[in-house]
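Open the model in your viewer and keep the selection box handy. We will go stop by stop, choosing a few residues at a time.

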Amino acid sequence: MLFKEIMKEVSRREKQAGIIPDPNIDTYMKAISVKGLERSLQTDYILKLGIIAIITATVLLRTHLGVDIIHANYYMGSLFYALLLLMVNGFPELAMTVSRLPVFYKQRDYYFYPAWAYAIPSAILKIPISLVESLVWTSITYYVIGYSPEAARFFRHFLLLFCVHQMSLSLFRFIASYFQTAVASTVGGTMCLLVILLFGGFILPKPSLPDWLKWGFWISPLSYIEIGLSVNEFHAPRWQKILSTNMTIGQQVLTSRGLNYNSNFYWIAVGALLVSTLLLNFAFTLSLTLKRPVGVSRAIISREKLSQIQGMENEDIPGQMEKGSITGSPVPLSEPRRTGKMVLPFIPLTISFQNVNYYVETPPLILMKRGGELIYTGPIGKHSSKIIEYFEAKSACYEMDSKELVKRLSTPAPDLKDLSFPTRYPRNSWVQFKACLWKQYLSYWRSPSYNLVRISFTLVSSIIFGLIFWQHGKTIYTFLFQVVIELPYVLIEVVLFMVVAYPAIGYYWTVYKFFWFFYTMFCTLLYFIYLGMLLVSLTPNVQVATILASVCYTLFNLFSGFIVPSPQIPKWWIWLYYLCPMSWSLHGLFSSQYGDVQKEIMVFEETKSIASFLEDYFGFHHNLLGLVAVVLLALPLIYASLFAYFIGKLNFQTR
């Protein structure tokens, strides 16, 4: 607050005197007094969540859903969407935590406070945010979608979503503190989220997991969330109608998903989430305590040099004794002084008072700009008067020098001609393109950590997909694609995925189907890359970009045609289904693999061919693959063009 008040007063006096400040000083002082955004990121989260909740509620309007086996799957999809949304909503915590780590490490290493004193408030301060977000979502969606109307089930639904959000925030805080950098944290968080989703029991139900991987179901927090929300809803009285199989509708739905547990398991799920939250916060504290900052190196000097420096600094201890007064000031040291409780950057003076008039002057203020150049050193003065006088004098001198320089340079010599250039740029477009391409190539080549992490992540995720979905490609019309198409990687990642995962999962080995899968995956991952670049170009910083990306991906999941199939989307929202890029990717993946398969399966107590089921339930038609191919090719071109336009037109940099 002191610096902000100083700069306000300096700016006011500069304007009155018509002074233009020194650019170096002005940049530094404004940087330390920046106000920041008017609205906090948490406000943006809640606003975003409220908007998405309204959209979701109107998409899954209760008038469109009945109490039967078919519509029970829509209810199950809406429950999964809610928990997925609250899980992904914690992802921006990665960027925020990583951005705060450098300051924390500096303060920790100077023994300002221990790690637990930072970790505990970080967790406590998020509790009101989780309460508000969970309440906003539950209040808007619960009765509009048409879940079981009992008040007790409403509050249990709300409590579980609150626990989900707390667990998610704790998880991503810990991941950020462990990996420490933005790239590694993002990849680590994505990998963790991928494993949690795959073992969570919705994408692949527990009965379909390989026997030697069923233990993964019980270590995934998503499993407990799924069980808790499902038993809370499908054990309600309205789902107790007996079917021809001598089971209730609720039991039939839960059994098909491997979630048929009694009502008491709800509280086990709540307890598991609370324990997970505590363990993750404990791990976060340990990570903050034990991990060293990334890229920190200590300067090494000889003992003789250190002794010489300390001797020079201790030769003259500033302080004076006057009759009737005693003044003193601390002596800076090159090494912090340890006093047992805290570290002081000076030797405390011992002063005895024997008179009535005594005072101790404050130490001088030292201002340095980036790079170590000294801007100001000296006393602060009463009400910062010394600092203000110094900057006023310096700015006035700079103003006089600037005016003389401008006057001298603005008058051209008589024999000079006006500058003119035949073209706007010194080189033609092709030369500019080659130069920028080479520059980008060098930039990527000189970022091995980023590229190696991406490739490693693709390899590991391909192996995980292959193990979990081992030889399921021809036996299930798989839910794999909902997760697969969200992995934004380039051609080498697609090839790596195809080589590892395609044969392991057991898709159809025909040139036609293999090509379509490769083409769809390549276009999908390419447009996700360009979409991410577009979102970055539209936002002023990484935190806002993360929020905007979270909104986009959340809506993509809702309107992709998977959680809510296109025939069930209300007419007033169907336009968003066609604008959603993931709906075209899913259409291409499903139709190319299974759109021509006439094998009959039992679905919702009816016998249908797989091709007919895709048309009736999902709205995926095999004869539209040509249109799908064109749209998939156009999407990355559109996103790339918009990125190129906005990156050239928008500028969020401020002095």
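Which residue in β6 is the bridge partner of Ile366? Select Ile366 and look across to Thr377, its bridge partner in β6. Before going further, note that this is a predicted model, where local features need pLDDT of at least 70 and side-chain atom pairs count only at pLDDT 80 or more, while totals for chains, interfaces and linings use all residues. Residues are numbered from 1 along each chain as its sequence is written, and side-chain values use heavy atoms, with hydrogens and water left out.

**Stop 1: two strand pairs**

Now select 365–368, which is strand β5. Helices (H or I, at least four residues) and strands (E, at least two) are DSSP runs, numbered from the N terminus. Leu365 and Leu367 point to one face of β5 and are buried, while Ile366 and Met368 point to the other and are not; buried means under 20% relative accessible area, exposed over 50%, and partly exposed in between (1.4 Å probe, protein chains only). In a regular strand the side chains alternate between the two faces of the sheet. Add 374–378 to see β6, which pairs with β5 in the antiparallel sense over 4 bridges; strands pair if DSSP finds at least two bridges between them.

Next, jump to β7 at 600–603, where Ile601 and Val603 point to one face and are buried, with Glu600 and Met602 pointing to the other and not buried. Its antiparallel neighbour is β8 (606–609), joined to β7 by 4 bridges. Val603 has Glu606 as its bridge partner there.

**Stop 2: aromatic rings**

Show the Phe, Tyr and Trp rings: there are 42 aromatic pairs in the structure. Rings (the six-membered one for Trp) pair if their centres lie within 6.5 Å, with planes under 30 degrees apart counted as stacked, over 60 as edge-to-face and the rest as tilted. Pick Tyr143 and Phe154, a stacked pair at 5.7 Å centre to centre with 15 degrees between the planes. Tyr143 sits in helix α7 and Phe154 in helix α8 (residues 151–179), so the pair ties together parts 11 residues apart in sequence. Tyr143 is partly exposed at 35% relative accessible area, whereas Phe154 is buried at 11%. Both belong to one aromatic cluster, whose members include Tyr75, Phe234 and Trp239.

**Stop 3: salt bridges**

Which residue meets Lys126 in a salt bridge? Select Glu93: its side chain meets that of Lys126 at 3.4 Å, N to O. A salt bridge is a side-chain nitrogen of Lys or Arg within 4 Å of a carboxyl oxygen of Asp or Glu, and the structure holds 7 of them. Lys126 lies in the loop between α6 and α7 and Glu93 in helix α5 (residues 92–109), so this contact ties together parts 33 residues apart in sequence. Lys126 is buried at 8% relative accessible area, and Glu93 is buried at 3%.

Move on to Glu150 and Arg153, a salt bridge whose closest N and O atoms are 3.6 Å apart. Glu150 is partly exposed at 28%, while Arg153 counts as buried at 13%. Then add Arg173 to your earlier selection: salt bridges that share partners join Glu93, Lys126 and Arg173 into one network.

**Last stop: the cysteines**

Finish by selecting Cys192, partly exposed at 24% relative accessibility, and Cys552, buried at 18%. With a disulfide taken as a pair of cysteine sulfur atoms within 2.5 Å, the count comes to 0.
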